[in-house]
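Biologist: Let us go through this model together. I will ask, and you reason from the coordinates.

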Amino acid sequence: MDKHVGLNQLGWNDWFEEQAADMAAGSIARVAAVDRDQLLLVNESHTFRGKVARSYLHRHHLSHELPCVGDWVCLEKAPGDDVALVRTLLERRTLLRRKSAGISIDYQMIAANLDYVVIVQSCHFDFNVNRLERYLVMVLDGGAGPCILLTKTDLVDPAVVAEQIAAIRSAGITAPILTLSNVTREGVDELTRLLLPGKTYCFVGSSGVGKSTLINQLIGNEKLETKAVSGSGEGRHTTVRRELIRLGSGALVIDNPGMREFGILGAAEGFEGSHSDIIALSSNCRFRDCSHTGEPGCAVVEAVQSGALSREHLENYLKLTEESEFHQMSYVEKRKKDKDFGKFVKSVKKDLKLK
Ligand SMILES: Nc1nc2c(ncn2[C@@H]2O[C@H](COP(=O)(O)OP(=O)(O)OP(=O)(O)O)[C@@H](O)[C@H]2O)c(=O)[nH]1
Ligand SMILES: [Zn+2]
C-alpha cells in the first residue's frame, strides 16, 4: 500500500508519506550533502547528483528555504539526465538551525529531519554547562530529541566526569548523558547500541571534541557492512561538509564541521552581557519562571521599587525578551504561525514590489 516503503531505511515515515502520498515512486530522495548549489541525493536504490529547479529558486529567497542535509525533496529526472531537478522540499518534521546575524528573519539551516541531536562536549577543557544549555535550547526549538555525550574520558579522573554529570543534573537538565573515550573505546559500544536503524542522529559540538574520530569508529566498527550514503566511504572521514552517512546497523548519522563559531540564539546571549544585573536578581525571584511583570516575590520588581534598579533598564529588558519570544518558541509550535507569517512576508514583499 505504501509505495515509498523502500525509503524507510533512509528515515522516511508517516509524516512525509502524508505529504507525498500521490508522488510517484522514484521521484523522492533525501539530501545527503550540499555543496554550494550541488546536491548529493540518495534514494532506495542509489546516490546521485541534484540541483534546485530555477522555478523553486524564484519563489524562495531565504537561505533556510533551500535544501539542507537531511531534507526530503521531490524531483524530476529524465532517463538520460545526469542531474536530477529538485522541484520542492517536503515540510521538515524537525530541524536544527541558528538565527542569522542581524535583524533578519532568516535562519541558517544546520540539518533537517533529525530524530536526535547528540551534543558533544569533551570532559577535557571543553566542558561548559552554559554552552550546553544554549545547544539544548536550540535542539528543543527544532523539535528533535537531545542527548549529551561527554568525550575524552581517558584524559580526566573519573571523579571529574562524575562532577560534570552532577553539574549538568543540578542545572535541571534531564536529557540522557553518555560518556566515552575514543582512545580506550570505553562507552563506544553503549552509544552504538542506542543508535537505532532508520533514525537520524546529528552530532554537534565544538571543533576538536572528537566527533569525526567517533563517527570513524562507528563506521570502522562495522567496516564490512558500512557504506557512506554519499559514496565517499573510503574509510576516512574528514569533516569538510555536513554529510548523511548510513551505518551498517542502519542508523543514519550526520557529522558537522566544527561549530566553534556557534552564535546561537543571539538575544539570549546578549542578555547575559547587557542585562546581567537582572539575570542575577531573578535568581532570587520566588518563581523560577518569573516574568518580572507583577508576580509575588519578584526580586527584580522589588529592586526597581527600592531604587536599586532603573525602571527603564527593566522595561528595555522586557521588551527584548518579548521580541525574542518568537524565536524561543519551539519549531513545532511555530510551524503553523510560520505559515501565516510566510504569507504575511509575501504580501509585504508584493506591496513593496520586492522580488
Ligand atoms: N585522548 C583522546 N583524544 C581524542 C578522543 N577523541 C578524539 N581525540 C583527538 O582529538 C582531536 C580532535 O578530534 P576530531 O575527531 O577531529 O574532533 P572533531 O570534533 O571532529 O573536530 P571538527 O571536525 O573540527 O569539528 C584528534 O587529535 C583526536 O585524535 C578521545 O576520546 N580521547
Ligand atoms: Zn521576578
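Biologist: Leaving aside neighbours within four places in sequence, which residues is Leu96 in contact with?

Modeller: This is a predicted model, where local features need pLDDT of at least 70, side-chain atom pairs count only at pLDDT 80 or more, and totals for chains, interfaces and linings use all residues. Residues are numbered from 1 along each chain as its sequence is written, while chains are lettered from A and ligands numbered from 1 in the order in which they are written. Two residues are in contact if their C-beta atoms, placed from the backbone, lie within 7 Å. Beyond four places in sequence, the partners of Leu96 are Ile110, Ala111, Leu114, Val117, Met138, Val139, Gly142, Ala144 and Cys202.

Biologist: Where does the largest nonpolar core lie?

Modeller: A nonpolar core is a set of buried Ala, Val, Leu, Ile, Met, Phe, Trp, Tyr and Cys residues joined through C-beta atoms within 7 Å. Buried means 20 or more other C-beta atoms within 10 Å of a residue's own, exposed 12 or fewer, partly exposed in between, with C-beta atoms placed from the backbone. The largest core has 64 residues, and Leu96, Val117, Ile119 and Val253 have the most contacts inside it. Both domains, whose bounds come from an automatic or database domain assignment, give residues to this core, so it lies between domain 1 (5-93) and domain 2 (96-255).

Biologist: Which residues does the second, separate core include?

Modeller: That core has nine residues. Among them are Cys290, Cys298, Ala303 and Tyr317.

Biologist: How far apart are the end C-alpha atoms of helix H3?

Modeller: Helices (H or I, at least four residues) and strands (E, at least two) are DSSP runs, numbered from the N terminus. The expected span of a helix is 1.5 Å times one less than its number of residues. H3 has 14 residues (129-142), so it should span 20 Å, and the end C-alpha distance agrees: 20 Å.

Biologist: Which residues of H3 are buried?

Modeller: Gly143, just after H3, has a positive phi of about 90 degrees. Within H3, the buried residues are Leu132, Tyr135, Met138, Val139, Asp141 and Gly142.

Biologist: Is Arg36 buried or exposed?

Modeller: Arg36 sits in the loop between strand E1 (28-35) and strand E2 (38-42). Most residues other than glycine have a negative phi. Arg36 has a positive one, near 50 degrees. It has 6 C-beta neighbours inside 10 Å, so Arg36 counts as exposed.
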